[in-house]
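Student: Please take one part of this model, its interior, and go through it closely. I should like every term to be given with its cut-offs.

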Amino acid sequence: MASNAILRWMDGRGWLILSASGDDEVRAMVLSRASADGGVAYISMGGVEAEKTLADMEDLGASSGYLVDVMAEDDATIRQKLSEAGIIVISAEVDTLDARDGLMGSAISGIQDAFANGAVVLAEGESASVFGTWVMLDSSNIISGLDWLESALVLTGVTSVSESYEAQTVLSAQPAAIAVGIGFGSALALGPDGEVETWGNKQVTVALGRDYSAG
């Protein structure tokens, strides 16, 4: 795990960018930070959002990209197409549970391969939420996330996480957790050497559970 004083996240040579929304400033920063070889992969879960994101990113100067439909393509193809990417973009086209389920298995394996080799992984909206250890659904049920940001609950569209009902609920149930709130137009950027940056509007807040330890 890479880490700084508070946060711990997946080891790799790449950057993990958790963005609350499809913000042009954040996307432009992603393009400027990319260093790995490979194209730009846009993960689709059956909707049209990924195609719109591809067009928007190319308007910002991204190289030609390709869609990876994790709901329709076979596992081997999904992993290969993602593992070869230099940038992976996961837009917010589905709800939290569908985003988590769509990324499980071959998709997250391919993403991790690319990340290990230096790819920038940009997760937007509800897709960003699933990269924590825990996810809180609209039903208030707490389920496991992808665990890239260890012991964390990630909430998007939240500018004061300590006042969030979702954060209070999860920190009460999981006192060793941390809650991270990311406001719209903002992103949390985590680098390979322990870098922690806030992009865009820089509205990123953190609340610690009573038993949380970053040791």
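**The interior of the model**

Tutor: Arg8 has a relative accessibility of 11% and therefore counts as buried, the term for a relative accessible area under 20%, with exposed meaning over 50% and partly exposed the range in between (1.4 Å probe, protein chains only). This is a predicted model, in which local features require a pLDDT of at least 70 and side-chain atom pairs a pLDDT of 80 or more, while totals for chains, interfaces and linings use all residues. Residues are numbered from 1 along each chain as its sequence is written, and side-chain values rest on heavy atoms, without hydrogens or water.

Arg8 belongs to strand S2 (residues 8–9); strands (E, at least two residues) and helices (H or I, at least four) are DSSP runs numbered from the N terminus. The C-alpha atom of Arg8 is 6.0 Å from that of Leu149, although 141 residues separate the two along the chain.

Leu149 leads to the largest nonpolar core, a set of buried Ala, Val, Leu, Ile, Met, Phe, Trp, Tyr and Cys residues joined through side-chain atoms within 4.5 Å. This core has 44 residues, and Ile90, Ile111, Phe131 and Leu149 touch the most other members. Helix H5 gives the most to this core, namely 5 residues. Leaving aside residues up to four places away in sequence, Ile90 touches, among others, Ile43, Leu103, Ile111, Val121, Ala123 and Phe131, where contact means heavy atoms within 4.5 Å. Another core, of 17 residues, lies apart from the largest one, and Trp15, Ala50, Leu54 and Ile87 are among its members. In soluble globular proteins, nonpolar side chains tend to be buried together.

The aromatic rings deserve separate attention. Rings of Phe, Tyr and Trp (its six-membered ring) pair if their centres lie within 6.5 Å; planes under 30 degrees apart count as stacked, over 60 as edge-to-face and the rest as tilted. On this basis there are 2 aromatic pairs. In one pair, the ring centres of Phe115 and Trp148 are 5.0 Å apart and the planes meet at 50°, so the arrangement is tilted. Because Phe115 lies in helix H5 (residues 106–116) and Trp148 in the loop between strand S9 (142–144) and strand S10 (149–156), this pair ties together parts that are 33 residues apart in sequence. Phe115 and Trp148 are both buried. Phe131 and Trp148 form an edge-to-face pair, with 5.4 Å from centre to centre and 85° between the planes. That pair also links distant parts of the chain: Phe131 is in the loop between helix H6 (126–129) and strand S8 (132–136), 17 residues from Trp148. Through these ring pairs, Phe115, Phe131 and Trp148 become a cluster. Phe131 has a relative accessible area of 0% and is therefore buried, and Trp148 counts as buried because its relative accessibility is 1%.

Strand S7 (residues 120–124) is mostly covered, with 5 of its 5 residues buried. Val120, Leu122 and Glu124 point one way from S7, while Val121 and Ala123 point the other way. In a regular strand the side chains alternate between the two faces of the sheet. Two strands pair if DSSP finds at least two bridges between them. S7 runs parallel to S3, joined by 5 bridges, and also parallel to strand S6 (residues 87–90), joined by 4 bridges. Val120 in S7 stands opposite Trp15, and Leu122 in S7 is the bridge partner of Val89. The ring of Trp15 has Arg33 over its face, 4.6 Å from the ring centre; such a charge requires NZ of Lys or CZ of Arg within 6 Å of the ring centre and within 35 degrees of the ring normal.

Strand S10 contains Thr156, which is buried because its relative accessible area is 17%. Setting aside residues up to four places away in sequence, Thr156 touches Ser19, Ala20, Gly125, Glu126, Ala128, Ser129 and Ile182. Ser151 also has its place in S10. Phi of Ser151 is near 60°, a positive value in a residue other than glycine, and Ser151 is buried at 15% relative accessible area.

On confidence, the protein chain averages a pLDDT of 92, and 98% of the residues score at least 70; pLDDT is the predictor's confidence in each residue, from 0 to 100. Among the elements of the protein chain, strand S3 (residues 15–19) has the highest mean pLDDT, 98, and strand S1 (residues 2–3) the lowest, 66. Where pLDDT is low, the predicted coordinates should not be read in detail.
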